[in-house]
Amino acid sequence: MKPSHRQAEYDRLRKQHAVFVYHGYSVHTTAHGLSVEYDFEIPGLVRFHPTIKVLERSFLSTANLTAAELDNLVFHIGMVELVSYWKTTCAPTVIIEPHVLDEAQIAWWKKLYFHGLGEFFYLNDITPNLDDFMTINVASSLAVQSLSSRVGTGTLLPVGGGKDSVVTLELLKKGGIPFRPFIINPRGATIRTSEIAGFDLDECIVVMRALDTALLRLNEQGYLNGHTPFSALLGFTTLLAACLAGYNDIALSNEGSANEATIKGTQINHQYSKSFEFETDLRNYINSYISKDLSYFSFLRPLQEIQIASVFSRYPKYFGYFKSCNAGSKTDSWCGVCAKCLFAFIILSPFIEEDQMCTIFGRDLLDDLSMQGYFDELAGISENKPFECIGTIDEVNLSLQLIAKKRKLLPALLKHYEQHKKCPVYSVAEIDALLHRYDEHHYLSATYLSLIKEALNA
C-alpha cells in the first residue's frame, strides 16, 4: 500500500482544530446488560457519542465492583476508544476531564497512541515525533480507584474467529482450564467457532461496540483516517468483562510473530498492540492503576504463526468455519484476493492437503499471478510487509519451501518464487527445530506453558 501525501492537511487540521476533549461517559445497567456511552468533542466541529454494551448474562454482575471501580474500568476503555476520533484532525492538545492521570500515565498513553498509529502516520505520509504530536492535559481532580483484592478464578478468552483463537480454545479445553469465550460484535466465524468448541452464544461474554456515525461522515468528507490499535481497545474491554465475570486471567491469542516490524528498519508495526512490548506495557499499567490481581497475557506468545498453523491443522472440524479475512468479515467469507487470505493459504498449506485448502479458500491462491504483489511482500522479495496481521518473512519462506516439497506441479507463484527467493534452504533438522521451538519471552504460568509444550511435541 502506497502512502498518501497528507502532511499539509495534517498541519492545517491541527491548526484549525487545536483541541480534542474527552468530556466523560454515562453508565447504565438495564435488563439487557451494561451500557456505556462516551462523550468526545472536537470543539466547533463535532461531538461524538460512541457506545459499548456488555450483554446481560447470568454469570456477569456489577455487584463484583464498587461504583468507583467500575468507573475506573469504563474510563480506561474511553482512553483508548478516543484515538479513533482524535485521528480525524490530530488535535495537538487533548483534554481529559473525567479523571486524573499522573505523568507516568500520560507518557504511557502517548506511547500507545504514537506507536499504535504508526501505520496511520506512515500511510498518510505524516512525520510526527513522540514529544510534540500530542499534549495531554488533565482537567480533573478526581482520581480513579484501583480494584481491591479479588477472590475468583477463571479465564476469559477473546475469540476472533481465526485459527489462533481456535488453537487457544482447543488447548485450554484439553488442559481442563475453566474459561469462557469473549466476543466483540459477533459474526459468523466467532459464533460458529465458539459453538464448535462447546459454547452457544448465550454462554459467551458478548460486547457490542458501535462507532458514532459522525466519525464515518467525517471519513467520507476526507478527514484523516487510518488504522488504530484495536487490540489495545480489546485489552481494556476484556478487563471490564473479566471483572464482571469474576475472572482473574485474560488469555489472548497473540503469537511471537506479531513482534516483527511491518516497515523494515523502523518501529512501524501493524500489530503493535499485539506485540510483546505492548503486552508488557499493559501488564505494568494494569498492575499500577487498575488491579494487581488481574493477569493479562497471550497464551500463544511462545509460538510463531507456522507452529500455530501446524496445531490448527489437527482440528478439521473448524476448517469450514474459521475466518480471518478483514475484507470478507462482513460477509463471513474469505475474499481470496487480499494479502491476509494469501498469507493464511501459505501458512496452512504445509499441514493441510491441497484439495482441502482449495475447498476452504475456493481455489488455489498460489496459482494466481494477480496476487504476485502481495506474494512478494509476504516472502520478502519486496522491501516491506503488507499492513495485515500476518507472520514473519522467515515463516513464509519456510512454508513455501515445505509446500514446494509437497506439490508435484508448482503453481504459478511458486514458479515465480523459485526465480526470486532470497531465503536459505532449510535442512530437515532445521525445519524440525523451527517447528518445535518456543519463545522464552512470555507471561505464561507453568500450567499454561505445559499445554503449549505438549501441543508442540504432539
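1. The second largest pocket makes a good starting point, with about 220 Å³ of space in it. Of the 13 residues that line this pocket, Phe114, Gly118, Phe121, Tyr122 and Ile268 are the closest to its centre. Helices H4 and H5 each supply at least two residues of the lining, and H5 gives the most, with 3 residues. A pocket here is found on a 1 Å grid over the protein atoms alone, as an open set of points where a 1.4 Å probe fits, with protein on both sides within 12 Å along at least five of seven lines; lining residues have an atom within 4 Å of a point. Grid points are joined across faces, edges and corners, and the volume is the space filled by probe spheres set on the points.

2. A word on what you are looking at: this is a predicted model, in which local features need pLDDT of at least 70 and side-chain atom pairs count only at pLDDT 80 or more, while totals for chains, interfaces and linings use all residues. Residues are numbered from 1 along each chain as its sequence is written, and side-chain values use heavy atoms, with hydrogens and water left out. Helices (H or I, at least four residues) and strands (E, at least two) are DSSP runs, numbered from the N terminus.

3. Do have a look at helix H10, residues 276-289. Its 14 residues should span 20 Å at 1.5 Å a residue, and the end C-alpha atoms are indeed 20 Å apart; the expected span is 1.5 Å times one less than the number of residues. The buried residues of H10 (buried means under 20% relative accessible area, exposed over 50%, partly exposed in between, with a 1.4 Å probe and protein chains only) are Phe276, Phe278, Glu279, Thr280, Asp281, Leu282, Tyr285, Ile286 and Tyr289. They pack against helix H2 (67-81), helix H4 (103-116), helix H9 (230-245) and strand S11 (295-298).

4. Next come the charged pairs. The structure holds 19 salt bridges, each being a side-chain nitrogen of Lys or Arg within 4 Å of a carboxyl oxygen of Asp or Glu. One of them joins glutamate 41 to arginine 47, with the closest N and O atoms 3.5 Å apart. Glutamate 41 is buried, at 18% relative accessible area, whereas arginine 47 is partly exposed at 38%. Another links aspartate 368 and arginine 363, at 2.8 Å between the closest N and O atoms. Here aspartate 368 is buried at 17% and arginine 363 is partly exposed at 31%.

5. Helix H6 (residues 163-174) offers a pair within one helix. Lysine 173 and glutamate 170 meet in a salt bridge of 3.6 Å, N to O. These two residues are 3 places apart in H6, about one helical turn. An α-helix has 3.6 residues a turn, so residues three or four places apart point the same way. Lysine 173 is partly exposed, with 34% relative accessibility, while glutamate 170 is buried at 7%. Elsewhere, Arg6, Glu9 and Arg12 are linked in a network of salt bridges.

6. What about the cysteines? A disulfide is a covalent bond between the sulfur atoms of two cysteines. With a cut-off of 2.5 Å between the sulfur atoms, a search of the whole structure finds 0 disulfides. For cysteine 341, the closest cysteine sulfur, in cysteine 325, is 3.6 Å away, too far for a bond. Cysteine 341 is buried, with a relative accessible area of 0%. Cysteine 389 is in no disulfide either, as the nearest cysteine sulfur, that of cysteine 338, is 12 Å away. Cysteine 389 is also buried, at 18%.

7. Two loop residues are worth a check of the backbone. Cysteine 90 has a positive phi of about 55 degrees although it is not a glycine; this residue sits in the loop between helix H3 (83-86) and strand S5 (93-96) and is buried at 0% relative accessibility. Aspartate 125 likewise has a positive phi of about 55 degrees without being a glycine. Its place is the loop between helix H5 (118-123) and strand S6 (135-138), and aspartate 125 is partly exposed at 31%.

8. Finally, which residues does threonine 89 contact, leaving aside its neighbours within four places in sequence? They are Leu13, Arg14, His17, Ile42, Leu45 and Tyr223, where contact means heavy atoms within 4.5 Å. Threonine 89 is found in the loop between H3 and S5 and is buried, with a relative accessible area of 0%.
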